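Got the viewer ready? Load the model below and let's walk through it, one selection at a time.

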Amino acid sequence: MELSNILSGTCVYDFVRGPLVWISFIIFILGTIFQVFRLLSLTRVEETVKLKSGPGSFLPKRSEKEKTDWGLRARLSIFGVNPFLIVVTTLFHVLLVIMPIFVLGHNILLDNAFGISLFAFPEKTADVLTQIVIICAMIFLYRRLFVDRVKAITDWKDYLFLLLAAAPFITGYFAFHQTFSEHYRLIITLHILSGELMLMAIPFTKFIHMFYLVIIRLTVKSEYSLGQGDRVW
Amino acid sequence: MFRKKNTAGVDSDAIREILDEKKTKMKLSLKACAHCTLCAESCFLFMGRDKDPKYMPSYKFINSIGVLYKNKGNVDKLDLGEIRDIVWERCVLCTRCYCPMGIDIPEMIALARRVCRSQGVYPRYDQE
Amino acid sequence: MVKAKRKPIEEIKEAIAGYKNILNVGCGGCVSVCLAGGQREVNELNAVLKLHMSKDNVQKSIDGYTVERQCNVKFLDELDPMATKYDCIISMACGAGVQNMAERFPGIPVFPLVNTVSIGIDRNLGMYEEKCRACGHCVLGYTGGICPVTRCSKGLFNGPCGGTNNGNCEISNEVPCAWYDIYNRLKAQNRLDDILKVQPPMEWQNQTPRTIIQEPYENRYRA
C-alpha cells in the first residue's frame, strides 16, 4: 500500500482526529510547563538596591533627564537595524499563534466538542492571513538558502522545523480551496497531523524559542530586557 | 567534518565536568537559538570586519560551545584550536550582543574560554 | 575594569561646534562593558547628535566606528584609511584611549565623549561602584581587602580618624567608615595583627604618569 493510502485510510484518519488530538495537547501543555520551570530554575530573583544621591552619598547628582524620544528608540532598536525582517517575523509568529484559534473551521470543532465558540475570522480574511503566513515562511526559506549570514548557521533541522511550522498552513490552504480535491481526506489528515506534530514538538525542540523569548526577555534583567525584570541568571 | 580525532593531550572528562556545571543552560540556549541572525549587527567586530558571518555572535556561540556540547567534550587539540580562535580572536567579550530570545551568549563564550584554558589552550599575547 | 559615564550632550555639542566631518570612535573594551562607549552608544549618540543638528539647523556629517580597544595602538591602525577624511575625531574610550588616539593621529583634533570615573566593579546591570583609585601601591593585603585609599574619606593608612562615628564616617551617616569595616573584617578572620604595624605614608609626591612593566618584561624595557 502506498503511504498516501495509509495516511488517508479510515483507521489513521480516526486516530489523528481523535486520540492524537488529546495526546498532542497534553504533551504540549505538560511539556511546556516542564520547560518553563526548567528555564526559570536557571534564574533567581535579585533584589534591586536603590542608591540615593545627596550629601555624603557616593552617587553624584543626576544630570537632567532627557525626554524619551520613542521614534529615536525605535530606530536604534532591532527594528531600526532590520525593519523588513522584524515585520516579517512578527507577522509570521503572531499569526502562527492566533490563526489556529480563530479560524472558523476550528471554532466549529470547538463548538461540537465543548459547546463553546470564540470569535472567528471571516473566511476571506482567514484565507488572506494564511497566504501571508505562507509568504513569510517562503521569505524565511529564501534567507536560509541564499543569504550568506543565515546560511552560515543553518543546518537541516532549520529546514525541517520551518516546514513543520508552515505545513499546517499550506495543507489548510489546500483544504480550504479544495485543491487536490480527489485527495481531500489525505490533505486533511496531513493538516491535522502536522498541526499535532508541531504542537508536540514545541516544548522539546527549536520551537522552544517562542517561550524563551517571552520568559527570558521579560523576567531576566539585561541591557535588552523588555520591562523591569528582576531576575538574574 | 568526519575527520578522525586525535584526542591525545585532551582531558575529555575535565571538559565534561566544566560543561556539566552549566548543562541545562547550555542545552536550552542551544535549543532556543532560532538561527535568525538578528544578533549580527550588535557585534561591533561583525560591523568592522565587512559583515563576515564568522563574527556573528550566534555563529561564535554555535561553533564553540555548540561543538563542545554536541561532542560531549570529546574534542581534540585541532577542535580546541578552532574554538580558541573563535572565542578569543573573534570575540572580545564586551558582553553587548543582542539576542531576541535573551540567550546569554557572553556567558557561553566565557564558558568555552574556560574549557580551552583548562586544556592549556589560550592566546599567547606575548608571542604574537 | 575602568568605569566611565557619557558627558552631557551640551558639552559634546560645544566641543564639535567648529567641525563638519566628524568620526565617532567607540571602544570594545571597558567602556563597552560599562555601557558607556561601545558600538551601541556610538550609534545612539550619533542619532541624538543628528536630531540636535537638524533642530539647530546645522550641517554636519557624523560617522561611527568601533574598534577593539583604543588603548592599544595596534587596533587604531584600521582607522588609517578613514581617519584623514574627517576634521575631528570624537572618542568614547576612557582617558587612556582618547590620549592614545590623539597620539596616533596628531594632526586631527580628538575630543573625549565620556568622563572616565574610576576602576570599579559591576554592582548591578548599569550600576558600577568605584573600588580602586590606582594609587600604585596596593595595601589591600593588610586591610582585609577593603581599600582605605578609595573608601576612607581621608585616605588614612593607619586606622580611623577621630571622626569615626558608630561605624559611619564623619562626613555623613550614610557613608560607612572604611576603617571600622577593615577592623571588623580582620577581627573576624583573626588577623588584627595586620594593622598593628605602622604603615609609612604613601609617596604621593611622585605623582607622575605611572607606567607599569610586567615582571617578565622588566629586562626588555627597563634601562
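Where in chain C is confidence lowest, and where is it highest? Color chain C by pLDDT and you can pick out both spots. This is a predicted model, and the low end falls in helix 8 of chain C, residues 218-221, with a mean of 76. Strand 5 of chain C, residues 110-112, sits at the high end with 96. For chain C as a whole, the average pLDDT is 89, and 99% of the residues score at least 70. As for the complex, the predictor gives an ipTM of 0.86 and a pTM of 0.82.

Next, show chains B and C together and go to where they touch. Select the contact residues: 14 from chain C and 14 from chain B. The two chains bury about 1,000 Å² between them, and carbon and sulfur atoms account for 43% of that.

Now bring up side chains along this interface. Chain C and chain B share three salt bridges. One to zoom in on is B:Arg49 with C:Glu78, whose side chains meet at 3.3 Å, N to O. Switch to polar contacts and you'll get seven residue pairs across the interface, with both residues at pLDDT 80 or more.

Which parts of chain C supply at least two residues each to the side that touches chain B? Select helix 2 (30-33), helix 3 (39-56) and strand 3 (61-67) of chain C. Last stop: color the chain C side of the interface by residue class, and it splits into five nonpolar, five polar and four charged residues.

Notes:
Residues are numbered from 1 along each chain as its sequence is written. Chains are lettered from A and ligands numbered from 1 in the order in which they are written. Side-chain values use heavy atoms; hydrogens and water are left out. pLDDT is the predictor's confidence in each residue, from 0 to 100. Helices (H or I, at least four residues) and strands (E, at least two) are DSSP runs, numbered from the N terminus. Contact means heavy atoms within 4.5 Å. Buried area is the accessible area (1.4 Å probe) that two parts lose on being put together, summed over both. A salt bridge is a side-chain nitrogen of Lys or Arg within 4 Å of a carboxyl oxygen of Asp or Glu. A polar contact is a pair of N or O atoms within 3.5 Å; within protein, one must be able to donate a hydrogen and the other to accept it, and residues adjacent in sequence count only if both atoms are side-chain atoms. Ala, Val, Leu, Ile, Met, Phe, Trp, Tyr, Cys and Pro count as nonpolar, Asp, Glu, Lys and Arg as charged, and the others, Gly among them, as polar.
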